[in-house]
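This briefing is meant for a reader who is meeting the structure for the first time. Please look over the sequence and the model, and then follow the points below topic by topic.

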Amino acid sequence: MTNFRTCCVPVFLSALCVCWAVCGRYGALHAEDEPAKLAWRLAYDACLEYRVSEIKADGSTRELKDKFFLILGHEVGPGGEPNRVFRALDEAPVAPLFALPDEEAARAGKWTKEHILPDLDDVPVLTLSGGYRLAGSQKIGKDDCTVIIGEFAARPSTKEEVKKTNTGLVAIKGGVLVTKLFFCVKKGWMVRGAFSFDLQLSKAADEKSAAKDEEYSARLQYDLCEVACGESKAFHSRVDDAIEQGVKYLRSVHQGYNWAGGYQSAEETTPLVIYALLKSKVSPQDKLIVHSFEWMAKNRPIRNYGHAMSMMAMQARLEAEGREPNDKERALLMESFIWLRDNGQNSTDGVPLGLWGYPDQPDGKSKSFDNSNTQFAILGFRAAARVGMEIPASVWFSCIDSFLKNQEPTGPEIAVAGSGTSAARKARGWAYHGAGAGGAYGSMTCAGVSSIAIAEESLFRLKAEIPEKLADNMNVSMKDGLAWLENNYSVRFNPKSGERLRFYYYYLYSVERTGALAAVRRIGRCNWYFDGAMMLFNLQQPDGSWTNPGCGVEAGTVIATPLALLFLNRATIPVRTSAGDRRK
């Protein structure tokens, strides 16, 4: 029998301050009660944490290491329908566990249901057919709870009866899922939930090999153990603690006052780490900071990211010390500015195109471009401008032009959350390369929105006139980019990136920059900072680091950790522009 995994992917919940009404009587539902509508109380800026335990054969439980979080609002609707992809086979039964009845079903006391569980580890898409029944009430602690039992037969979807995996072919022969939900109507959330899941599989090495039967079983229980609020002292204390532990970790792993990040060279990683440490309020006079800047002055970067991050680290140091750059520092800033200027792409007649990429030519320049390299060049220019360097208006206009051209030409229309009108925006994002090249995804859409906002701010600081039509196009572009992020909102993964953990910490830092530069506290109705911080609390390792084994670049802790710290510190300085309110 295959043992179930103990790694329940964390899922957390925004729910507490502004709630949806729960109709009918408060308390548990009984057959003799008037019908009441069971519903999750959907609100934002709160998180429910569940303790996860294995249910043993004798009925006792053994607590597992990982906790479980559920996001209400955008991940679960009032009927308990998860709007979320479950990746692990042990986690998948949580979806039918949370389902709640509508008023008619509650009145009848039972109802039928079918659940589709897609994208499970090494298992074909599953269809669960069965139903639920109300089973009276039970007190869990001090809470009166309605008990809901679900019973389902599992079968493969007709679309995919056999799945090819890295280890061979897998088919579903059958299975049974039983769920038991204890729901407190008064509070509007699950106090306890449990499921038992038994699945019969058939596995073969290939089409010519004989299949072998195998059984899979999982029995888990979820108990509510904590409710966290976004504006509470406890939440802010957790932020401070996470930052302190992250800083302590980075201090412990430097190699002669520099850091090497696996895929990234020390010349690129060190300024990223130093920037994060300074934003974490490490003193610029700290020995580690002073000696690291000395190391960076002697070991200059040779690519776009390193030069941009060097400029950002220098800006953070100067602003922390409240001074202008000295001659040596100004020379280093100018060196990086010239490198970025000269390595951007130009038209055939020498006009800058506002595009940057990885060096792929014999002379070290780039023939291709991508929106990631481009946004970091823009971040570097902004850092230099903030410490007194004058970046020509032509640079900013070319950057605006490139991002406007490379945005998706169209997208689905979505209502603007909280607008109070029937206004709708087209959800148009950005891909890694040009418009339509590979499809828009989260971190690149953040890059588009934040880069246009930086360029707008920079032109405002230069008192450069922006043509009215261009200003309108910029405004529409940023609004549509924010609509894309709302339509695809997640702090659990980099949306539409193709792989669940692809550039995850890079994405969270991108969300932080977008929030600051586009002046948005919420993406749609979701508090991106609270949601992302709760995720980072639970991904932080015991030694204070963060890592992403699912992404080669972020697998090294010295890349993921500073990116996480930049998010938690809200590191990006907000824009200053008279046009800011046009995007609200």
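**Aromatic groups**

One aromatic cluster is formed by Trp 40, Phe 68, Phe 98, Phe 183, Phe 195 and Tyr 222. The model is predicted, and a search through the whole of it finds 23 aromatic pairs. The points below take up some of these rings, then the strands, the cavities and a few backbone details.

*Rings around Trp 528*

- Trp 528 and Tyr 529 make an edge-to-face aromatic pair, with 6.0 Å from centre to centre and 90 degrees between the planes.
- Trp 528 counts as buried because its relative accessibility is 3%, a value under the 20% limit for that class.
- Tyr 529, at 6% relative accessibility, counts as buried by the cut-off of 20%.
- Trp 528 also pairs with Phe 567, again in an edge-to-face arrangement, at 5.9 Å centre to centre and with 80 degrees between the planes.
- Since Trp 528 belongs to helix α13 (residues 528-539) and Phe 567 to helix α15 (residues 557-568), this pair ties together parts that are 39 residues apart in sequence.
- Both partners of that second pair, Trp 528 and Phe 567, are buried.

*Charges over rings*

- Arg 317 is placed over the face of Phe 293, and its distance from the ring centre is 4.4 Å.
- Arg 513 has its charged end over the ring of Tyr 509, 4.4 Å from the centre of that ring.

**Strands and their pairing**

*Strand β5 and its partners*

- Strand β5, which covers residues 143-156, is mostly covered, with 10 of its 14 residues buried.
- Strand β4 (residues 126-140) runs antiparallel to β5 and is joined to it by 13 bridges, and Leu 128 stands opposite Ala 154 in β5.
- The two strands β4 and β5 form a hairpin with two residues between them, and Gly 141 in the turn has a positive phi of about 65 degrees.
- β5 also pairs with strand β7 (residues 168-184), in the antiparallel sense and over nine bridges, and here Phe 152 stands opposite Leu 177 in β7.
- Gly 168, which is found in strand β7, counts as buried because its relative accessibility of 8% is under 20%.
- Between the C-alpha atoms of Gly 168 and Glu 207 there are 8.5 Å in space, although the two are 39 residues apart in sequence.

*Strand β9 and its partners*

- Strand β1 (residues 46-55) and strand β9 (residues 212-229) run antiparallel and are joined by nine bridges.
- Val 52 stands opposite Tyr 222 in β9, and Tyr 222 is also one of the rings in the aromatic cluster named at the start.
- Strand β8 (residues 189-204) is joined to β9 by 12 bridges, and these strands run antiparallel.
- Ser 196 has Arg 219 in β9 as its bridge partner.

**Cavities**

- Rolling a probe the size of a water molecule over the atoms shows where empty space is left.
- In this structure, a search of the whole finds two cavities of 30 Å³ or more, and the largest has a volume of about 100 Å³.
- The lining of the largest cavity consists of 13 residues, of which Tyr 275, Met 312, Gln 315, Leu 379 and Arg 382 lie nearest its centre.
- By class, this lining has seven nonpolar, two polar and four charged residues.
- Four helices, namely α4 (266-279), α6 (304-321), α8 (371-386) and α12 (504-517), each supply at least two residues of the lining of the largest cavity.
- The most is given by α8, which contributes four residues to that lining.

**Positive phi outside glycine**

- Most residues other than glycine have a negative phi.
- Phe 503, although not a glycine, has a positive phi of about 50 degrees, and Phe 503 lies in the loop between α11 (468-487) and α12.
- Phe 503 has a relative accessible area of 24% and is therefore partly exposed, as this class lies between 20% and 50%.
- Ala 519 likewise has a positive phi, near 55 degrees, in a residue other than glycine, and Ala 519 is found in the loop between α12 and α13.
- At 42% relative accessibility, Ala 519 counts as partly exposed.

Notes
Residues are numbered from 1 along each chain as its sequence is written. This is a predicted model: local features need pLDDT of at least 70, side-chain atom pairs count only at pLDDT 80 or more; totals for chains, interfaces and linings use all residues. Side-chain values use heavy atoms; hydrogens and water are left out. Rings of Phe, Tyr and Trp (its six-membered ring) pair if their centres lie within 6.5 Å; planes under 30 degrees apart count as stacked, over 60 as edge-to-face and the rest as tilted. Buried means under 20% relative accessible area, exposed over 50%, partly exposed in between (1.4 Å probe, protein chains only). A charge sits over a ring if NZ of Lys or CZ of Arg is within 6 Å of the ring centre and within 35 degrees of the ring normal. On a 1 Å grid over the protein atoms alone, a cavity is a set of points where a 1.4 Å probe fits but cannot get out, and a pocket is an open set with protein on both sides within 12 Å along at least five of seven lines; lining residues have an atom within 4 Å of a point. Grid points are joined across faces, edges and corners, and a volume is the space filled by probe spheres set on the points. Ala, Val, Leu, Ile, Met, Phe, Trp, Tyr, Cys and Pro count as nonpolar, Asp, Glu, Lys and Arg as charged, and the others, Gly among them, as polar. Two strands pair if DSSP finds at least two bridges between them.
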